[in-house]
Amino acid sequence: MDSAGSETTASCRFGDRSTSDVVVRLRTKDGRDEWIYCHSHILTDKCKYFADRLSENWPTCQIIDSRNCVEVYCEESEFDYHVIVLRLFYVIVDGSIDDPWQGVKNALGILRVAFELGCPKIVSACVNYLEAVPWEESEEEEILKTIPQMGSEVEAILDRLQPVNPAAIRRIFLSSIQFATSSPPPSLNDIKSSAQEQLEYMITEDDDSPLLIADSEIKAEVKECVNRLFARFNNALEAMLCEANHSSAEEGKMQNFQSLLSDLSWACQILNKLEIMRDFVHNWMDASDKIVKIVEQGNSTDDIIETKSKVIEVAAKVLEAIGYGTVILPTARRLHGVKVWLPFVRITKPLIDSFTAHSNDGDETTPTPKVDSELWQSLESTFISIILALPSYEQAGILAEWLGNQQVQYPDLTEAFEVWCYRSKVAKRRLSSLGVNNETTASTL
């Protein structure tokens with residue numbers, strides 16, 4: 001039966017007026033009108049719409065010539081796709097089509113018309129094609145507008161866009177965090193950077209909710225991975241401190257040190273989003289003296305400036321966590337942090353600014369280490385916040401040193417100075433109103 005049908009189809013040609021027994025008249029509201037010579041047995045076999053129109057049960061079937069001409073109205077944008085569908089009736093055999101689809105957009109247009117007219121074999125062929133080929137972003141959006149309205153027979157097209165099982169998301173996240181905090185060969189750095197970028201995207205809430213909500217197990221694994229990263233960073237610190245002088249071998253160590261700093265800067269963002277910064281802040285504060293010693297003993301070469309820039313990025317994130325109460329440290333540790341990082345930042349900013357300005361005047365093809373102006377501003381505000389949370393006598397010492405320093409312009413501690421002056425002047429009155437012995441308090445301080 002099927003072979004007989006195929007032979008009949010093969011003996012008829014699309015648009016052959018000499019053998020045609022029915023005309024399909026394609027029309028648009030813009031006045032386009034095209035007559036296409038077809039064969040009724042092919043149309044009724046391949047398409048439900050034409051089977052209905054050419055049946056004895058159609059209301060107008062008794063009108064003279066009504067069965068010899070079928071009018072089809074369509075939008076101008078769909079006209080060519082109707083012609084293609086009619087042509088495909090003559091080439092489709094056993095549910096397969098050998099003709100090329102000429103891209104996703106074309107196949108989607110054919111699918112819309114085939115679905116509307118009720119052509120199951122063409123619909124199936126379109127689904128098989130669209131499900132298998134890659135899509136551009138614009139094509140994907142068009143598919144999302146079209147496919148959901150067509151029902152279950154085309155759902156396979158959307159399989160690649162379906163939500164993923166939470167267990168699969170966890171596996172991807174855990175594998176990615178382990179790789180992103182590792183130290184692979186340089187040839188894998190691009191893949192590692194991509195993994196870091198996607199991990200941050202997975203847990204970020206934007207127009208959509210995060211892909212992963214971290215539970216205690218996820219947080220524990222992230223902390224463990226970052227702790228291993230920090231252990232490698234500490235090993236690098238110790239190795240560099242053991243170097244008596246800068247040698248060519250040390251240049252490789254400096255590059256490794258920079259890579260670890262970049263990883264730590266990224267790790268800060270992940271930890272901050274997951275609200276598990278505590279261990280990282282403690283580890284960084286423990287290593288602060290060594291870090292500053294390493295970067296200050298170098299010359300103002302490109303590598304050293306780059307290293308100092310990366311150190312500033314990480315230090316800013318750590319100090320912000322301290323300054324705004326994300327991580328609570330005792331007074332002594334907060335004071336030590338200010339005494340280590342305030343002088344470093346004060347000296348480093350002019351060096352980076354000068355190097356950046358000099359590089360901009362030279363070879364523009366050479367990457368220039370930069371620190372965003374907003375980061376400098378944020379760091380200044382963080383120092384003010386930390387200082388104002390210290391005991392007033394410690395504030396006085398820090399402010400006196402700041403006012404006597406040549407680099408008084410940055411960080412600008414004017415706000416802290418003003419608040420300290422106000423607090424100090426009204427202290428006796430404010431405390432006495434609360435029944436506090438001012439003289440005892442002052443002598444204790």
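I looked up where helix α8 meets helix α9 (helices being DSSP runs of H or I, at least four residues, numbered from the N terminus), and found I169, I172, F173, S176, I177, F179 and A180 of α8 in contact with I191, K192, A195, Q196, L199 and M202 of α9, contact meaning heavy atoms within 4.5 Å. I sorted these residues into 10 nonpolar, 2 polar and 1 charged, where Ala, Val, Leu, Ile, Met, Phe, Trp, Tyr, Cys and Pro count as nonpolar, Asp, Glu, Lys and Arg as charged, and the others, Gly among them, as polar.

I noted that this is a predicted model, in which local features need pLDDT of at least 70 and side-chain atom pairs count only at pLDDT 80 or more, while totals for chains, interfaces and linings use all residues. Residues are numbered from 1 along each chain as its sequence is written, and side-chain values use heavy atoms, with hydrogens and water left out.

I then turned to aromatic rings and found 11 aromatic pairs in the whole structure, counting rings of Phe, Tyr and Trp (its six-membered ring) whose centres lie within 6.5 Å, with planes under 30 degrees apart called stacked, over 60 edge-to-face and the rest tilted. One of the pairs is F230 with F233, which is edge-to-face at 5.5 Å centre to centre and 80° between the planes. I located both F230 and F233 in helix α10 (residues 216-241), 3 residues apart, about one turn of the helix.

Methods: Helices (H or I, at least four residues) and strands (E, at least two) are DSSP runs, numbered from the N terminus.
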